[in-house]
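Ready for some practice in reading a protein model? Take a moment with the sequence and the structure below, then work through the exercises at your own pace.

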Amino acid sequence: QPHEEISLKAAKVLIVDDRPENIFALQTILRETDADIFSADSGEEALALCLRHHFAVILMDVQMPGMSGFETADYIRENDKTKHTPIIFLTAISKDERYVHKGYAKGAVDYIFKPLDPLILLGKVNVFLDLQRQRSKQAYLLEVLDRKQSELCEANEKLIEQNEKLAQLNEEKNCFLGMASHDLRNPLGAILGIAQLLLKESLG
């Protein structure tokens, strides 16, 4: 019997940057992947998208008007649904270690400085896309296994029911044969007795 074909949804990546040209550049780089690409130009929009989608990784600019990338990361980490989503900070600000340490303290898995090297960025993003694919595949296989177990339990219950019916029919058959044997034995005995008497008379 052929195995079921595994059909999984594409992993999702969120780009958060207030500059349209930066979003466009990142989207162009990420076209090399098979991920669904989402974008937000503010921390508020990013948080709204995070509540509606599960992202394999978030690429987030640090400096944005209004809510900064660090502040957005704080809210992402506070929500049970999004707290484990990997965040890669992208920044053009000074490479001062204070900013790097702050980024990691906010739960970032990486901190990349602009201008970006496309190959390095793709390599880092693909790690999280592969991880998401493996998790999705595992969840799918567990779902298939659960469905197969349910089907097996249902088939087993039907088999037990059929065996009980067969046992009942067998009992009824034995009961019928016992009664038929008893009912046939009595008249046959009388007939045999009369036949023996007639035989004796004819011989005598």
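The exercises below go from the overall fold to the core, the aromatic rings and a pocket of this predicted model.

**Exercise 1. Describe the order of helices and strands in the protein.**

Solution. Start by counting elements: there are five helices and five strands. Next, walk along the sequence, and the pattern reads β-α-β-α-β-α-β-α-β-α. Finally, look at burial: of the 204 residues in the protein, 29% are buried.

**Exercise 2. Find the residues that touch the most other members of the largest nonpolar core, and the elements that contribute to this core.**

Solution. The core holds 21 residues, and those with the most contacts to other members are L14, V16, I58, M60, I76, I87 and F89. Now sort by element: β1 (12-16), α2, β3, α3 (69-78), β4 and β5 each give two or more residues. The largest share, four residues, is that of α2. As background, nonpolar side chains in soluble globular proteins tend to be buried together.

**Exercise 3. Work out how strand β5 is placed: what lies on its two faces, and how does β4 run beside it?**

Solution. Recall that side chains in a regular strand alternate between the two faces of the sheet. In β5 (residues 110-113), D110 and I112 point to one side, Y111 and F113 to the other, and all four are buried, so both faces are covered, given that buried means under 20% relative accessible area. Then turn to the neighbour: β4 (residues 87-91) runs parallel to β5, and four bridges join the two strands. One of the residues to check is F89, whose bridge partner in β5 is Y111. F89 and Y111 also belong to a cluster, linked by ring pairs, together with F70 and F113.

**Exercise 4. Characterise the aromatic pair of F38 and F55.**

Solution. The whole structure contains four aromatic pairs. In the pair of F38 and F55, the centres are 5.5 Å apart and the planes make an angle of 75 degrees, an edge-to-face arrangement. Along the chain the two are 17 residues apart, with F38 in strand β2 (residues 36-40) and F55 in the loop between α2 (43-52) and β3 (57-61). Their burial can be read off next: F38 is partly exposed because its relative accessible area is 22%, whereas F55 is buried because its value is 2%.

**Exercise 5. Describe the lining of the largest pocket.**

Solution. The volume of this pocket is about 200 Å³. Its lining consists of K9, A10, A11, K12, R52, H53, H54, K81, Q132 and S136. Sorted by character, the lining has two nonpolar, four polar and four charged residues.

How values were computed: Residues are numbered from 1 along each chain as its sequence is written. This is a predicted model: local features need pLDDT of at least 70, side-chain atom pairs count only at pLDDT 80 or more; totals for chains, interfaces and linings use all residues. Side-chain values use heavy atoms; hydrogens and water are left out. On a 1 Å grid over the protein atoms alone, a cavity is a set of points where a 1.4 Å probe fits but cannot get out, and a pocket is an open set with protein on both sides within 12 Å along at least five of seven lines; lining residues have an atom within 4 Å of a point. Grid points are joined across faces, edges and corners, and a volume is the space filled by probe spheres set on the points. Ala, Val, Leu, Ile, Met, Phe, Trp, Tyr, Cys and Pro count as nonpolar, Asp, Glu, Lys and Arg as charged, and the others, Gly among them, as polar. Rings of Phe, Tyr and Trp (its six-membered ring) pair if their centres lie within 6.5 Å; planes under 30 degrees apart count as stacked, over 60 as edge-to-face and the rest as tilted. Buried means under 20% relative accessible area, exposed over 50%, partly exposed in between (1.4 Å probe, protein chains only). Two strands pair if DSSP finds at least two bridges between them. A nonpolar core is a set of buried Ala, Val, Leu, Ile, Met, Phe, Trp, Tyr and Cys residues joined through side-chain atoms within 4.5 Å.
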